[in-house]
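Visitor: I should like to understand how the descriptive terms are justified for the structure shown below.

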Amino acid sequence: MAVRYVRVKPLVNLFAPAVRAFGNIAVIGRVTTAVTKPPVPVPFTGPDDAHKTFPGELADSIDLAFRQTPGPTLVYGVPVTADAPDWAGALEVVAGLNVQLVMLANTPLNKDTKVAGGPIDLLSAHVTAVSNTGADGLERMGVAMLESGVAKADDILTNERMVYIAHKSTQDAAAAVAGTIAGYEPSVSLLLKPVNIVSPPFTPAEIETLNGTETDDSGPAGKGVNWLTSPALIPGNGVYMGEGYTGDPGGGKRYMDIVRMVDDLSFRLKAQLIHSIGNVRISRSGLRALVAQMEAILTPLLDADVLNSFEVVVPVLTLLDKDPATLSAAEAAAIHAAEVQRLVQVLAAVEYAGAVHRISITLKFD
């Protein structure tokens, strides 16, 4: 997987969060009390204060997110009025929060919520806009549930930054899954991770409808919707994630750990390179130091088997390493342009080591 050219701009990155918050969630939910405009987000480190501050469905969803093991470190509660919820205004406030996961409390995906201007449509647009044009470090994903018992994936809003969950629960499955995702490092697959929720399992036929048909020779089919399951081969009576898909089954990032990992890696590299702005010289020694800073981020991921390989290429460094007498006019002009414009392009190509999602076993008895 290739990461595009990393361009680090001082005035942008000065506003990036000091620490990337991969365990933080923003929950927007209805309350029966008066809400200011714009609404004021309230951070919680546990469910008790949430029940005191926002009694009702908003606190219930925050509570369920915290009940996951492992779970989130911080959850923001953002209130909207119950009778006329201003979802757009709340999402505008959430755009500036240091969170990675955003969800709407007790708001399932259906024909009313996914229409243009509906809450789930606004959520999908929000995570895309903030991730693509917002401040560095604020990339995020949205989590939404289907209505309880619905076992079809045809009506989702296609978006690699959305996570959809099918369930048979009376609880807020989106909150439970958001809490589960927040508890794991970005590179960890969410397949078969436990979810603390009461949800009867889907039948094999329902799962095939949700996922599509697979064979022993094919990889996961997938239609962009995950489901809650209770596998017979896992001891006990727990509920687990049936898959780890994003909401874009035909895209290049079909699994949520890929999206989260690319966000994490991009942030780490930019946070490391920001210290080079104004200090590193456009010279052989200076640019080698730049490469070393990037390798300091990538090598531990290689050692931990998160990456299979990586390559860092600085085109102007390749030219600076050549004998000046052998440079062509175009190559000399490229060096001169880098020095005059004070712009250095860096290409980081990484090969991500995906987790096993299917194992095909053939037993032969002689």
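Guide: The following turns set computed values against their definitions. The model is predicted, so local features need pLDDT of at least 70 and side-chain atom pairs count only at pLDDT 80 or more, while totals for chains, interfaces and linings use all residues. Residues are numbered from 1 along each chain as its sequence is written, and side-chain values use heavy atoms, with hydrogens and water left out.

Visitor: Why is Ile 359 called exposed?
Guide: Exposed means over 50% relative accessible area, buried under 20%, and partly exposed in between (1.4 Å probe, protein chains only). Ile 359 has a relative accessible area of 70% and is therefore exposed. Ile 359 follows strand 11 (347-352), in the segment after that strand.

Visitor: Is His 126 buried or exposed, and why?
Guide: His 126 has 7% relative accessibility, so His 126 counts as buried. This residue belongs to helix 5 (residues 119-133), a helix being a DSSP run (H or I) of at least four residues and a strand a run (E) of at least two, numbered from the N terminus.

Visitor: Which residues does His 126 touch?
Guide: Contact means heavy atoms within 4.5 Å. Leaving aside residues up to four places away in sequence, His 126 touches Leu 91, Val 94, Ala 95, Val 102 and Arg 140.

Visitor: What makes strand 7 and strand 8 a pair?
Guide: Strands pair if DSSP finds at least two bridges between them. Two bridges join strand 7 (residues 162-166) to strand 8, and the two run parallel. Ile 165 stands opposite Asn 226 in strand 8.
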